[in-house]
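Take a walk through this fold, starting at one end of the chain and working inward. Keep the viewer open as you read.

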Amino acid sequence: SGGESLALAPCHITLLSDGGSWLNASLPDLITALWHRGHAVRWIHTPSALCPGDVCLLLSCSRLLNAEQLAHHRYNLVVHESALPQGQGWSPMTWQILEGASSIPITMFEAVADLDAGPIHLQQQITLQGHELVEEWRAMQAHATIELCLAWFDRHQEVVESAKPQCGEASHYSRRRPADSGLDPELSLADQFNLLRAV
C-alpha cells in the first residue's frame, strides 16, 4: 500500500544514550520494535564507539557530537522536550515542570554541530495534569520518545520531506546541579510542589 512505501527500508541503526540514563530501562522496547521492522540496531553509550551506519538515534545523550562523528550516519536524530529553538540545553522537561507547564512539547530534530539547532522532523505534546511525580512523567516522556522514533521510521519519506528549520528566538536551559533540587525551609511544601515532582 502507499503507506508502507513511506517507511524506511531496513537499515543499520545506532542508538546512543548515556550509560547512567533513566531512559535506558525503556529503550529495549524501542529496539524490539525496530527489530520487528527489519532494522539492525546497535546500542552504545559513548560517542567513541560510533561506526558507520544509516541512522543514529541520540536519546538521553548529554554529549555533543562533532562533525566527524555526525558523518558516520546519514541521519542523526535527537528527541528533546521543548518547542525548539525555545528551551535548548539540559533537562528541558524538568525545567518546564518547575515553571508550571501543563503541556510539554517533544521535538525530534536532526543533530548538527551546534547545540539543539538542527531542522525539526516531528513534534507532539505531552499533557500533564499537574500531579505527576518523577516516575510518572518520565514514563510519559519515554512513551512519547519511542512513539516519535517509530513514527520517523514508519513515515520516513513524508517526515523527511516536510522537515523544517527552527525559527524564532532561542532560549536555553542550564545543566541541573544537586543544589537545584534543594527545598527551601522558608517556603511551604505547596509552594515547592513542582520541585518535589521533579526530583
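Contact here means heavy atoms within 4.5 Å. The model is predicted. With that cut-off, begin at leucine 6. Leaving out residues up to four places away in sequence, leucine 6 touches Phe153, Asp154, Arg155, His156, Gln157 and Glu158. Leucine 6 sits in helix α1, residues 2–6. Is leucine 6 buried, partly exposed or exposed? Its relative accessibility is 24%, so leucine 6 counts as partly exposed. Tryptophan 152 is 146 residues away along the chain, yet the two C-alpha atoms are separated by 9.9 Å.

Next comes the sheet. Strands of a sheet pair through backbone hydrogen bonds, either parallel or antiparallel. Here 6 strands form an open sheet, and the pairing is mixed. The order is β2-β1-β3-β4-β6-β7. At the edges lie β2 (40–44) and β7 (120–127), each paired on one side only. From one strand to the next, the twist averages 20 degrees. Look inside the sheet at β3 (residues 55–58) and β4 (residues 75–80). These two strands run parallel and are joined by 4 bridges. Leucine 57 stands opposite leucine 77 in β4.

Two helices can now be added. Helix α2 (residues 27–36) packs on the sheet and touches β1 (12–16), β2 and β3. Its direction makes about 160 degrees with that of β2. Helix α5 (residues 134–154) also packs on the sheet. The strands touched by α5 are β1, β3, β4, β6 (103–110) and β7. The direction of α5 makes about 150 degrees with that of β7.

What fills the core? In soluble globular proteins, nonpolar side chains tend to be buried together. The largest nonpolar core of this model has 37 residues. Leu30, Val55, Leu57, Leu59, Met108, Trp152 and Phe153 touch the most other members. At least two residues of this core come from each of β1, α2, β3, β4, α4, β6, β7 and α5. Which element gives the largest share? That is α5, with 11 residues. Take leucine 59 as a case. Beyond its neighbours within four places in sequence, leucine 59 is in contact with Leu15, Leu16, Ser17, Asp18, Leu23, Leu27, Leu30, Val79, Thr145 and Cys149. Another core, of 13 residues, lies apart from the largest one. Leu58, Cys61, Leu65 and Ile120 are among its members.

Finish with the rings. A pair of aromatic rings is described by the distance of the centres and the angle of the planes. The structure holds 3 aromatic pairs. Tryptophan 95 and tyrosine 173 are stacked, at 6.1 Å centre to centre with 5 degrees between the planes. Tryptophan 95 belongs to helix α4 (residues 92–98) and tyrosine 173 to strand β8 (residues 172–173), so this pair ties together parts that are 78 residues apart in sequence. Both tryptophan 95 and tyrosine 173 are buried. Arginine 176 lies over the face of tryptophan 95, at 4.7 Å from the ring centre.

Tryptophan 152 and phenylalanine 153 make another pair. Their ring centres are 5.0 Å apart and their planes stand at 80 degrees, so the pair is edge-to-face. Tryptophan 152 counts as buried because its relative accessibility is 0%. Phenylalanine 153 is buried too, with a relative accessible area of 1%. Together with Tyr75, Trp152 and Phe153 form one aromatic cluster. Phe153 also closes the walk: leucine 6 touches it.

Definitions and conventions. Residues numbered from 1 in each chain as written. Predicted model: local features only at pLDDT ≥ 70, side-chain atom pairs only at ≥ 80, totals over all residues. Heavy atoms only, no water. Pairing = 2+ DSSP bridges. Axes fitted to C-alpha atoms, helices over the stretch in contact; angles between N-to-C directions. Phe/Tyr/Trp six-rings, centres within 6.5 Å; stacked < 30°, edge-to-face > 60°. Buried < 20%, exposed > 50% of the residue type's maximum accessible area, 1.4 Å probe, protein only. Lys NZ or Arg CZ within 6 Å of the ring centre and 35° of its normal. Core = buried A, V, L, I, M, F, W, Y, C linked by side-chain atoms within 4.5 Å.
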